[in-house]
Amino acid sequence: MEEVHKELQDLLHSFLQNYPNGVRDLAHEFGVSFPTVQRWVGGKNFPHRAMCPPLIAYLKNKLSAGL
């Protein structure tokens with residue numbers, strides 16, 4: 001697993017612990033399906049490398065804002 005994917009997966013888990021409906025919000029925000037986000041969370045798939053930095057920034061922003 002690449003470092004960016006490890007960071008992303010850790011952030012996803014933290015985000016969803018604090019915001020249980022976050023899967024739907026992420027799917028809407030990034031134009032992907034609900035099952036796609038669930039696969040990211042489960043580590044089965046990861047977003048395209050170009051999508052990782054904006055996704056990480058979004059999650060960090062949400063977590064630091066206290067949701």
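A contact is a pair of residues with heavy atoms within 4.5 Å. By this criterion, residues 24 or more positions apart account for 64% of the contacts in the chain with a separation of 6 or more. The legends below describe a predicted model.

**Figure 1. Overall view of the chain, which contains 4 helices and 0 strands.** From the N terminus on, the order of elements is α-α-α-α. The radius of gyration is 11 Å, close to the 11 Å that the globule rule gives for 67 residues, so the chain is as compact as a globular protein of that length. Along the principal axes, the C-alpha atoms fill a box of roughly 30 × 25 × 20 Å. Of the 67 residues in the chain, 33% are buried.

**Figure 2. Close-up of the largest nonpolar core, a group of 17 residues.** The members that touch the most other members are Leu-8, Leu-12, Leu-26, Val-37, Leu-55 and Leu-59. Two or more residues of this core come from each of the elements α1 (3-18), α2 (22-30), α3 (34-42) and α4 (52-64). In soluble globular proteins, nonpolar side chains tend to be buried together. With neighbours within four places in sequence set aside, Leu-8 is in contact with Pro-47, Cys-52, Leu-55, Ile-56 and Leu-59.

**Figure 3. Close-up of helix α1, a run of 16 residues.** From its first C-alpha to its last, α1 reaches 23 Å, close to the 22 Å expected at 1.5 Å a residue. Its buried residues are His-5, Leu-8, Gln-9, Leu-11, Leu-12, Phe-15 and Leu-16. Seen down the helix axis, the buried residues of α1 fall within an arc of 165°, so they line one face of the helix. These buried residues pack against α2, α3 and α4. The face of α1 turned away from the buried side carries the exposed residues Glu-3 and Gln-17.

**Figure 4. Close-up of His-5, a residue of helix α1.** His-5 has a relative accessibility of 10% and therefore counts as buried, since the limit for a buried residue is under 20% relative accessible area. When residues up to four places away in sequence are not counted, His-5 touches Phe-46, Pro-47 and Cys-52.

**Figure 5. Close-up of helix α2, with its buried residues Gly-22, Val-23, Leu-26, Ala-27 and Phe-30.** Viewed down the axis of α2, these buried residues fall within an arc of 140°, so they line one face of the helix. The buried residues of α2 pack against α1, α3 and α4. On the face turned away from the buried side are the exposed residues Arg-24 and His-28. Just after α2, Gly-31 adopts a positive phi of about 65°.

**Figure 6. Close-up of Phe-30 and Tyr-58, both of which are buried.** The count of aromatic pairs comes to 2. In the pair formed by Phe-30 and Tyr-58, the ring centres are 5.4 Å apart and the planes lie at 90°, so the pair is edge-to-face. Phe-30 lies in helix α2 and Tyr-58 in helix α4, so the pair ties together parts that are 28 residues apart in sequence.

Conventions: Residues numbered from 1 in each chain as written. Predicted model: local features only at pLDDT ≥ 70, side-chain atom pairs only at ≥ 80, totals over all residues. Heavy atoms only, no water. Core = buried A, V, L, I, M, F, W, Y, C linked by side-chain atoms within 4.5 Å. Buried < 20%, exposed > 50% of the residue type's maximum accessible area, 1.4 Å probe, protein only. Phe/Tyr/Trp six-rings, centres within 6.5 Å; stacked < 30°, edge-to-face > 60°. Expected span 1.5 Å × (residues − 1). Arc of directions from axis to C-beta. Rg over C-alpha atoms; globule rule 2.2 N^0.38 Å.
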